[in-house]
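Please find below my notes on the model you sent, set out as numbered points. They begin with a single residue and then widen to the chains and the contact between them.

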Amino acid sequence: MIIYGTALLAICHLLGIFLGDLLGNLIGAKTNVGGVGIAMILLICARLWMHKKGWMPEQTEMGVAFWGAMYIPVVVAMAAQQNVLTALRGGPVALLAAVGSVVVCACVIALINRGEKVEEDTLPLPVDPILATPATPVTAR
Amino acid sequence: MLELLEGTARHNGLVTAFALVGLVMLVSMKLSRHLTMGRVHGSAIAIVIGLGLAYWGGVQTGGTKGLADVSLFAGVGLMGGAMLRDFAIVATAFEVQVVEAKKAGMVGVVALLLGTLLPFVVGACVAYAFGYRDAVSITTIGAGAVTYIVGPVTGAAIGATSDVMALSIAAGLIKAILVMVGTPAAAKFLGLRTPRSAMVFGGLAGTVSGVSAGLAATDRRLVPYGALVATFHTGLGCLLGPSLLFFATRAIVG
């Protein structure tokens with residue numbers, strides 16, 4: 001059932017956020033430390049383990065894949081609720097600090113990624129199951 | 001009749017948001033295909049439209065949550081809120097290739113540390129150049145350049161004034177928007193082609209919203225790798241900002 005996949009995702013999400021809060025409390029950061037990252041790692045482990053056991057039929061996978069595919073629309077909704085006005089009103093200090101840090105970071109990213117180029121060039125990217133087969137999900141049920 | 005329709009939309013906020021975002025995506029995909037011949041990814045256009053709608057919402061209501069403050073579109077706040085955003089990000093982990101992720105482990109950590117330190121130094125220098133001389137203000141603005149969450153968290157912890165806090169949020173917001181909009185255009189310069197490069201990007205560019213939206217608009221397959229690292233970015237910033245970075249700043253400016 002599709003809900004099994006969504007429930008698995010939900011459990012990993014909750015557990016990850018909880019552990020992130022716990023970690024933040026322990027080191028006194030007063031915030032969630034890597035909760036989403038921990039949840040992602042939990043989900044990856046759960047998938048590997050359940051695949052091995054044969055507990056991951058296509059239906060269950062769809063329950064997760066749907067939310068992965070909803071990701072871009074959710075991000076668009078997120079962009080639509082940013083405080084763009086405040087950002088623009090911040091004036092030159094905010095603008096310069098932002099542009100400066102973006103430029104510096106961009107250069108460092110480019111530097112690191114260039115250094116590794118030769119080795120990584122041959123690696124093919126994993127095929128996106130959703131983008132590669134647009135006709136299969138939901139309707140082909 | 002029109003009032004009734006408005007009531008329907010208002011009472012079904014999240015469903016209205018689904019319809020609205022679907023429409024925005026449709027328009028963006030068409031614009032991408034016909035206006036830019038596919039050179040600008042549809043997702044990037046959709047995000048820019050989203051930001052434009054947020055600006056319009058802010059002007060209309062004077063609120064802080066963009067389009068979500070317009071009562072008709074309040075559901076956008078739920079759809080794009082932290083809960084569903086994190087839920088969808090976690091779901092993308094399903095596509096992560098473990099071997100690839102492991103390969104970038106150490107580089108990811110280095111990128112994370114650099115991604116906190118470099119923006120902080122730049123932000124602090126800008127603050128100093130504009131006449132801020134107290135360690136609290138300089139630290140808060142510097143932390144804002146890390147992400148718009150690290151800024152206010154740090155400011156609140158060390159007792160910054162509200163206008164400095166607003167500045168730090170603004171710096172972080174502009175950074176997130178720049179990353180969202182600029183990443184697809186700069187993808188080639190940044191070398192964003194492999195999972196490993198996406199993880200370096202996630203660690204250095206920081207803001208989860210900026211990284212995830214920027215990567216989504218560049219290459220959807222890179223999102224989980226960048227997001228995996230970027231989610232640790234805010235936590236690390238919140239940890240270092242009010243502690244190590246504040247003490248270091250205070251030691252330098254006195």
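**Notes on the predicted model**

1. Leaving aside residues up to four places away in sequence, B:Thr16 touches B:Ala9 and B:Leu72. This is a predicted model, and the remarks that follow should be read with that in mind. B:Thr16 is found in helix α2 of chain B, which covers residues 13–34. A polar atom of the B:Thr16 side chain lies 2.8 Å from the backbone oxygen of B:Ala9, one of the two residues in the contact list just given. B:Thr16 counts as buried because its relative accessibility is 17%, and the cut-off for that class is under 20%.

2. Just before that helix in the numbering, helix α1 of chain B (residues 2–11) holds both B:Glu6 and B:Arg10, which are four residues apart, or about one turn of the helix. Their side chains meet in a salt bridge, with an N to O distance of 2.4 Å. Are these two partners buried or exposed, or something in between? B:Glu6 has a relative accessible area of 35% and is therefore partly exposed, while B:Arg10, at 38% relative accessibility, also counts as partly exposed.

3. Over all chains the structure holds three salt bridges, and the pair in helix α1 is one of them. Another joins the side chains of B:Arg85 and B:Asp86 at 3.2 Å, N to O, and here both B:Arg85 and B:Asp86 are buried. A further salt bridge links B:Asp219 with B:Arg221, whose closest N and O atoms are 3.0 Å apart. In that pair B:Asp219 is buried, with a relative accessible area of 18%, whereas B:Arg221 counts as partly exposed at 28% relative accessibility.

4. Chain A has eight helices and zero strands. Of its 141 residues, 45% are buried. When contacts in chain A between residues at least 6 apart in sequence are considered, 57% of them join residues at least 24 apart.

5. The contact between the chains takes 95 residues from chain B and 80 residues from chain A. The area buried between chain B and chain A is about 7,800 Å², and carbon and sulfur atoms give 78% of that area. B:Phe87, B:Val90 and B:Phe94 supply 11% of the area that chain B buries against chain A, which is more than any other three residues.

6. What kinds of polar link occur across this interface? The count of salt bridges between chain B and chain A is zero, but seven residue pairs are found in polar contact there, both residues being at pLDDT 80 or more. Helix α10 of chain B (residues 162–190) gives the largest share of the side of chain B that touches chain A, namely 13 residues. By residue type, that side of chain B divides into 63 nonpolar, 19 polar and 13 charged residues.

7. The largest nonpolar core has 106 residues, and A:Leu43 and B:Phe201 touch the most other members. Helix α10 of chain B gives the most to this core, with twelve residues. Not counting residues up to four places away in sequence, A:Leu43 touches A:Leu8, A:Leu9, A:Cys12 and A:Val64 in chain A, together with B:Val90, B:Ala91, B:Ala93 and B:Phe94 in chain B. Two of these contacts, B:Val90 and B:Phe94, also belong to the trio noted above for the area that chain B buries against chain A.

Terms used: Residues are numbered from 1 along each chain as its sequence is written. Chains are lettered from A and ligands numbered from 1 in the order in which they are written. This is a predicted model: local features need pLDDT of at least 70, side-chain atom pairs count only at pLDDT 80 or more; totals for chains, interfaces and linings use all residues. Side-chain values use heavy atoms; hydrogens and water are left out. Contact means heavy atoms within 4.5 Å. Buried area is the accessible area (1.4 Å probe) that two parts lose on being put together, summed over both. A salt bridge is a side-chain nitrogen of Lys or Arg within 4 Å of a carboxyl oxygen of Asp or Glu. A polar contact is a pair of N or O atoms within 3.5 Å; within protein, one must be able to donate a hydrogen and the other to accept it, and residues adjacent in sequence count only if both atoms are side-chain atoms. Helices (H or I, at least four residues) and strands (E, at least two) are DSSP runs, numbered from the N terminus. Ala, Val, Leu, Ile, Met, Phe, Trp, Tyr, Cys and Pro count as nonpolar, Asp, Glu, Lys and Arg as charged, and the others, Gly among them, as polar. A nonpolar core is a set of buried Ala, Val, Leu, Ile, Met, Phe, Trp, Tyr and Cys residues joined through side-chain atoms within 4.5 Å. Buried means under 20% relative accessible area, exposed over 50%, partly exposed in between (1.4 Å probe, protein chains only).
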